[in-house]
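The exercises that follow ask you to read a predicted model step by step. Please keep the sequence and the coordinates open while you work through each solution.

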Amino acid sequence: MSANGTAVVQGNKIIDKINDRIKRKEHFFSFEYFPPKTEQGVKNLDKRMTDMARRGPVWMDMTWGAGGRTSDLTLTLCDKIQNEKKVDALMHLTCTNMEKKKIDDALAGCKKVGVRNILALRGDPPQGEEAWTATEGGFTCALDLVTYIRKQHGEHFCVSCAGYPEGHPNVRKVITDKNWDPEKNEPKYWAVRKLPDGKYEGVSPEDWKTEQNYLKKKVEAGSDFIVTQLFYDLDIFFAWVKQCRDMGITVPILPGIMPFFKAASFGRMTGFCKTVVPQDVLDVVKKYQEFGADKAKAKEFQEWGVKYIAEMSKKLLASGTVPSVHLYTLNNQAVPYKILDALGFPKEKTQAPVDRTISLSVNSKRTDKGWRSGLQSLPSTEEMKANGSLAPVTEAEKKLEA
């Protein structure tokens with residue numbers, strides 16, 4: 001049994017489902033969520049995920065707080081996705097302030113509840129800290145984490161990694177090269193953007209080469225696919241994908257899509273990520289920011305945003321460069337649904353193409369060696385109870401289920 005009292009379901013490896021959809025030339029989508037900070041927030045998200053699972057995402061994923069501060073809740077919510085919502089869960093795992101024991105515990109927890117998919121990340125600095133530092137005896141980067149997972153667990157997990165079409169924020173810097181020509185972009189900096197103070201920011205040729213080589217190393221270490229940071233400039237994205245392919249990165253690349261929710265908060269997210277935002281988008285955001293708390297204008301902004309993201313996503317899917325869209329929901333249901341409607345995705349899972357396999361519950365005698373190659377059998381529920389390997393029920397869950 002899972003922590004939620006439901007039968008543990010042995011999950012599918014997402015990469016198998018991705019490759020099968022690509023082979024069948026079927027577009028698909030996935031959702032990302034974050035662990036709420038309050039008990040009521042957890043209850044609301046639980047209900048929302050139940051509803052959104054019916055839409056038919058190929059997977060749903062949950063973020064992981066710096067230093068593992070949301071680790072228990074992240075795993076509990078992934079358990080719910082996997083065993084209650086019956087959707088394959090992908091758990092983010094960061095190595096910020098994480099000792100190896102915490103990583104081992106997290107991966108063991110995934111095995112106990114049937115979660116077989118990990119997004120390996122370095123992670124952001126803990127709250128209150130500006131710089132990222134490695135924990136003594138821990139990991140220094142996502143590459144270390146990918147390598148460690150493969151060394152310890154072989155092919156049991158599907159491991160994915162992050163890709164940065166415009167460069168990781170750490171390598172995006174103000175251009176101070178006196179020989180740089182902003183009109184010709186010579187020498188060529190990657191993904192240049194003009195800052196509000198009139199200066200320019202981008203990635204130097206040297207840093208960009210290092211950045212791309214590092215991504216390739218993550219793939220060579222065992223990453224099955226790449227999920228990208230948010231972006232809005234399609235020209236940069238397509239150029240980046242071409243570079244990846246030209247240098248031998250062949251795994252699927254899935255675009256991370258951040259919808260427009262509120263004009264007031266848009267700048268905080270894109271500023272933190274140092275995102276290149278087209279001028280026409282900046283103009284629209286600025287216009288709606290001036291309306292303040294006007295609810296009618298806030299709704300109008302969201303409607304504009306839905307149309308913009310839908311058109312952007314249509315171009316991505318029509319290009320043949322990517323097979324799907326990965327929606328950063330920010331735990332919102334309405335906006336992602338409107339985007340999916342605009343893209344023509346079915347409104348119910350029953351209307352969508354059926355996956356070639358169905359996740360099997362523990363102790364099922366059915367097998368499908370071709371689909372789940374390398375599948376490790378789990379112990380029975382009785383054995384898991386006896387050896388104490390079932391994840392404990394959190395106090396928050398006890399209250400929610402009372």
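**Exercise 1. Determine which residue in β6 is the bridge partner of Asn 117, and place that bridge in the pairing of the strands.**

Step 1. The bridge partner of Asn 117 in β6 is Cys 158.

Step 2. This bridge belongs to the pairing of strand β5, which spans residues 117-121, with β6; the two strands run parallel and are joined by four bridges.

Step 3. β6 also pairs with strand β10 (residues 225-228), again in the parallel sense and over four bridges, and here Gly 163 stands opposite Thr 228 in β10.

**Exercise 2. Establish how many residues of strand β6 are buried, and which way they point.**

Step 1. Strand β6 covers residues 158-163, and six of its six residues are buried, so that the strand is mostly covered.

Step 2. In a regular strand the side chains alternate between the two faces of the sheet.

Step 3. In β6, Cys 158, Ser 160 and Ala 162 point one way, whereas Val 159, Cys 161 and Gly 163 point the other way, and the residues of both sets are buried.

**Exercise 3. Work out the order of the strands in the open sheet that contains β7, β8 and β9, and identify its edge strands.**

Step 1. The sheet has three strands in the order β7-β9-β8, and their pairing is antiparallel.

Step 2. The edge strands are β7 (173-174) and β8 (190-194), each of which pairs on one side only.

Step 3. Between β7 and strand β9, which holds residues 200-203, the antiparallel pairing extends over two bridges; within β9, Glu 201 is the bridge partner of Val 174.

**Exercise 4. Explain why the buried residues of helix α9 lie on the same side, and find what covers them.**

Step 1. In α9, which comprises residues 279-289, the residues Val 281, Val 284, Val 285 and Tyr 288 are buried.

Step 2. Because these residues cover an arc of only 100° around the axis, they lie on the same side of α9.

Step 3. The face of α9 turned away from this buried side carries the exposed residues Gln 279 and Lys 286.

Step 4. Among the elements that cover the buried residues of α9 are α8 (263-273) and α10 (295-319).

**Exercise 5. Describe how α8 is set against α9, and give the classes of the residues in their contact.**

Step 1. The axes of α8 and α9 come within 8 Å and cross at roughly 135°, which means that α8 is oblique to α9.

Step 2. On the α8 side Ala 263, Ala 264 and Phe 266 take part, and they meet Val 281, Val 285, Tyr 288 and Gln 289 in α9.

Step 3. Sorted by class, the contact of α8 with α9 has six nonpolar residues, one polar residue and no charged residues.

**Exercise 6. Decide whether Asp 46 is buried or exposed, and list its contacts beyond its neighbours in sequence.**

Step 1. Asp 46 is located in helix α2, which spans residues 39-53.

Step 2. The relative accessible area of Asp 46 is 18%, and since buried means under 20%, Asp 46 counts as buried.

Step 3. Once its neighbours within four places in sequence are left aside, Asp 46 is in contact with Lys 80, Glu 84 and Lys 85.

**Exercise 7. State what share of the protein chain counts as buried, and how its contacts are distributed along the sequence.**

Step 1. The secondary structure of the chain comes to 13 helices and 14 strands, and of its 402 residues 52% count as buried.

Step 2. Among contacts between residues at least 6 apart in sequence, 79% join residues at least 24 apart.

Methods. Residues numbered from 1 in each chain as written. Predicted model: local features only at pLDDT ≥ 70, side-chain atom pairs only at ≥ 80, totals over all residues. Heavy atoms only, no water. Buried < 20%, exposed > 50% of the residue type's maximum accessible area, 1.4 Å probe, protein only. Arc of directions from axis to C-beta. Contact = heavy atoms within 4.5 Å. Axes fitted to C-alpha atoms, helices over the stretch in contact; angles between N-to-C directions. Parallel < 35°, antiparallel > 145°, perpendicular 65-115°, else oblique. Nonpolar A, V, L, I, M, F, W, Y, C, P; charged D, E, K, R; others polar. Pairing = 2+ DSSP bridges.
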